[in-house]
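Let's take a walk through a protein fold together, strand by strand and helix by helix. Have your viewer open and follow along.

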Amino acid sequence: MPTPLARCLAIACAVSALPALAACPDYTSAANPPALAGPLKKSFASSRNTLAAGLYAPWHMAHDAIVKAGTPASMTAKFDYDAALHRDLENERVHAYVYGTGMDGWQYAGQYLTDGDGKVEVPLGVRPVGEYVVRFVVEGDLSTTDGYLSVVDPGRDTVLFDIDGTLTVSDFEAYADYVGVRTATPYAFGPQMVKAYRDKGYQLIFLTARPYWVTRDGREWLGLQKIGPWHYHSNPYGAGPVPPDIQRFKGDYVRHLREVVGLNIVRAYGNATTDIGAYEDAGLPKAETYIIGTHAGVGGTNPVRGDYGAHYAAVVAPTPQAACRR
């Protein structure tokens, strides 16, 4: 018969063998970073860049990154000036800093030189599961831009959203917003729906065909709706206002999220036939694909009629908490 000590050791071993509860997304730390001292301001390397920075407002952006735990991360940022001209900041020094889950303060991630397209690629290493903000500071004028890194456990429960025509009332809203006509109008109960999923512990993904150079507007809109502005993925190519094949662009990224990052995308929202096709191509079930607007219910998807009021009450509110909360 085992002694009390042996029984205790056996129990301890059994407990240690149980899988740890996966961490929920940390929507607090990266959204509330401490003040950053940053680098000392130094002159631009070229007079052309000095002139551009003096004449035009900065229009920098960073591409959010999301990686599976244990995987090295990196982030690309692009630096240019003026919302219309997009004058690339070439061959200039940029400093990168990281802050997020479990950190006491900003960590310096190094100094980088922009390339001929005004871009830098910053290695961020292997980091603990959590959410991080990466701040880029241009040495020549101390202008900044932020991007977000998510490090996730495999299988993290996730809800995916298109934005234009899905969270906003029409696709045109994206371009009206960009040229300063008005702030894009959200569907009624759309922001409440997104916040409900966030509060239940789901990872949020915003996947849009908007070009990368309106990322600032996209994040600003999400902020105005009191929705966390990440993970935000837009068209990174810049050849035009939308990628040449929207369905393929979105489908490829959803597959990446599922197969490489390991996210468990439990529900997806869209409004266009390209959304329907992309989600189907990536293997998302029609039963958890919700389409609003003209194409609601097309192809066996679940229709959302009018706005999100009835859907919020019937579907979102009773949705169980994400697995990390159970």
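The paragraphs below move from a sheet to a buried strand and then to a pair of helices. Please keep in mind that this is a predicted model.

A good place to begin is the open sheet, where 5 strands line up in the order β2-β10-β9-β6-β7 with mixed pairing. At its edges you will find β2 (65-68) and β7 (107-113); each has a single partner strand, so one side of each is left without a neighbour in the sheet. If you look at how the strands are oriented, neighbours in this sheet are turned by 20° against each other on average, direction ignored.

Now zoom in on two of these strands. Residues 130-138 make up β9 and residues 144-152 make up β10, and the two are joined in the antiparallel sense over 8 bridges. To get the register in view, find G130, which sits opposite V151 in β10. Helix α6, spanning residues 246-261, packs on this sheet, where it touches β2 and β10. The direction of α6 makes about 30° with that of β2. We will come back to this helix shortly.

Next, turn to strand β12, residues 203-211. How many of its residues are buried? The count is 9 of the 9, so β12 is largely enclosed by the rest of the structure. Its residues point two ways: Q203, I205, L207, A209 and P211 go one way, while L204, F206, T208 and R210 go the other, and all of them are buried.

What pairs with this strand? As a reminder, strands of a sheet pair through backbone hydrogen bonds, either parallel or antiparallel. Strand β11 (residues 157-161) runs parallel to β12 and is joined to it by 4 bridges, with L160 opposite I205. Strand β13 (residues 232-235) also pairs with β12 in the parallel sense, over 3 bridges, and here L207 stands opposite H233. To get from β12 to β13, the chain crosses through helix α5 (residues 215-224), and this β-α-β crossover is right-handed.

Finally, back to α6, this time with helix α7 (residues 273-281) as its partner. The two helices pack at an angle of about 35°, and their axes are 8 Å apart. The crossing of α6 past α7 is right-handed. On the α6 side the contact is made by I246, Q247, K250, G251, V254 and R255, and on the α7 side by T273, T274, D275, G277, A278, Y279 and D281. By character, the residues of this contact divide into 4 nonpolar, 5 polar and 4 charged.

Terms used:
Residues numbered from 1 in each chain as written. Predicted model: local features only at pLDDT ≥ 70, side-chain atom pairs only at ≥ 80, totals over all residues. Heavy atoms only, no water. Pairing = 2+ DSSP bridges. Axes fitted to C-alpha atoms, helices over the stretch in contact; angles between N-to-C directions. Contact = heavy atoms within 4.5 Å. Buried < 20%, exposed > 50% of the residue type's maximum accessible area, 1.4 Å probe, protein only. Right-handed = clockwise from strand over helix to strand, strands pointing away. Left-handed = near helix turned anticlockwise from the far one by under 90°. Nonpolar A, V, L, I, M, F, W, Y, C, P; charged D, E, K, R; others polar.
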